[in-house]
Structure formats: C-alpha cells, structure tokens
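Biologist: I have a chain to go through with you. Can we take it piece by piece?

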Amino acid sequence: MAAAIVPASIWSMSHSPSLWMAVSLFALFFCVRAQTFKIGFRLGVLYGFVLYAISLSWLWQVFSTPAVALWLILALFPGLACGGIAWATSRWRTAWWLPLY
C-alpha cells in the first residue's frame with residue numbers, strides 16, 4: 001500500500017504550482033541579496049507581475065484592460081519584500097538569514 005502512495009505523493013508535489021511558486025520566491029530572495037533597493041524592488045515587481053498575471057489570468061476575462069493595474073498593485077508587495085531584503089542585506093552583511101524569515 002505504501003509503495004503505491006509514496007510515488008503518487010512525490011508526483012503531486014513535483015507538479016504542484018504552489019510548490020514551484022514557493023521555490024521560485026525563495027530563489028528570488030537569495031538572488032537579490034546584497035543588491036541595491038532599486039534593483040531588488042524592480043526584480044520583485046517583475047517577478048510579482050509575471051506571477052500574478054499567470055495565476056490570476058481569469059481577471060482579464062472579468063475586467064479586461066484594468067486587470068493589468070490590479071496585477072501591478074499586487075506586484076508591489078513582492079517588490080517591497082525584495083527591496084527590503086536587498087537593502088537590509090547590503091547594509092548588514094550578517095542578515096543572510098533574512099530570506100528564511
């Protein structure tokens with residue numbers, strides 16, 4: 001029984017969109033370490049816009065063109081998080097653990 005459950009759970013974890021979003025956000029946080037706030041903010045907004053445009057694509061059918069504004073507003077939050085991490089790790093080198101928090 002367990003031999004059938006384990007491969008199925010591994011397959012579902014490897015094809016889970018939320019797992020890939022968490023992994024990509026974690027990788028993004030580590031990429032913006034020791035950068036300037038501006039670079040971290042811009043990378044975070046780009047990441048957030050692509051993430052929300054793909055995952056909330058149904059907003060296009062509901063709102064049409066104003067959906068882009070909604071995606072950009074939502075993209076500000078990962079942008080601020082990446083900018084804050086970039087600023088903190090460039091100011092304090094011992095803040096390497098900040099993306100884990």
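Modeller: One term before we begin. Helices here are DSSP runs of H or I with at least four residues, numbered from the N terminus. Take L25: it lies in helix α2, which covers residues 17-31. And keep in mind that this is a predicted model.

Biologist: Is L25 buried or exposed?

Modeller: Neither. L25 has 28% relative accessibility. Buried means under 20% and exposed means over 50%, so L25 counts as partly exposed.

Biologist: How far is the C-alpha atom of L25 from that of Y47?

Modeller: The two C-alpha atoms are separated by 8.4 Å. Along the chain, L25 and Y47 are 22 residues apart.

Biologist: Step back a bit. How many helices and strands does the chain have?

Modeller: There are 5 helices and 0 strands. Along the sequence the pattern reads α-α-α-α-α.

Biologist: What share of the residues is buried?

Modeller: The figure is 24%, for a chain of 101 residues.

Biologist: And the contacts? What share comes from residues 24 or more positions apart?

Modeller: Such pairs account for 62% of the contacts with a separation of 6 or more.

Biologist: On to α3. What is its end-to-end distance, and what should it span?

Modeller: Helix α3 has 19 residues, 37-55. At 1.5 Å a residue, they should span 27 Å. The end C-alpha atoms are 26 Å apart, so the two values agree.

Biologist: Which residues of α3 are buried?

Modeller: G40, G44, V45, Y47, G48 and L51. Y47 is the residue we just paired with L25.

Biologist: V45 is on that list too. What is its C-alpha distance to L74?

Modeller: It is 8.8 Å, with their positions 29 residues apart along the chain. L74 is found in helix α5.

Biologist: Which residues does L74 touch, leaving out those up to four places away?

Modeller: Y52 and L56. L74 has a relative accessible area of 28%, so it is partly exposed.

Biologist: Stay on α5. What about T89?

Modeller: T89 lies in that helix. Its relative accessible area is 6%, so it is buried.

Biologist: What does the side chain of T89 reach?

Modeller: The backbone oxygen of A86, at 3.4 Å.

Biologist: Now the outside. How much area does the chain expose?

Modeller: About 7100 Å². Carbon and sulfur atoms supply 77% of that area.

Biologist: Which residues make the nonpolar surface patch?

Modeller: W58, V62, F63, L70, I73, L76 and F77. The patch comes to about 710 Å².

Biologist: Which elements give two or more residues to the patch?

Modeller: Helices α4 (58-63) and α5 (66-91). The largest share, 4 residues, comes from α5.

Biologist: Pick F63 from that patch. Where does it lie?

Modeller: F63 is in helix α4. At 41% relative accessibility, it counts as partly exposed.

Biologist: And S64, where is that?

Modeller: S64 sits in the loop between α4 and α5. Its relative accessibility is 35%, so S64 is partly exposed as well.

Biologist: What is the phi of S64?

Modeller: Near 60°. That is a positive value in a residue other than glycine.

Methods. Residues are numbered from 1 along each chain as its sequence is written. This is a predicted model: local features need pLDDT of at least 70, side-chain atom pairs count only at pLDDT 80 or more; totals for chains, interfaces and linings use all residues. Side-chain values use heavy atoms; hydrogens and water are left out. Buried means under 20% relative accessible area, exposed over 50%, partly exposed in between (1.4 Å probe, protein chains only). Contact means heavy atoms within 4.5 Å. Accessible areas come from the Shrake-Rupley method with a 1.4 Å probe; for residues, only the protein chains shown count as cover. Patches are made of residues with over 30% relative accessible area and no salt bridge: like charges are joined within 9 Å, nonpolar side chains (Val, Leu, Ile, Met, Phe, Trp, Tyr) within 5 Å. A salt bridge is a side-chain nitrogen of Lys or Arg within 4 Å of a carboxyl oxygen of Asp or Glu. The expected span of a helix is 1.5 Å times one less than its number of residues. A polar contact is a pair of N or O atoms within 3.5 Å; within protein, one must be able to donate a hydrogen and the other to accept it, and residues adjacent in sequence count only if both atoms are side-chain atoms.
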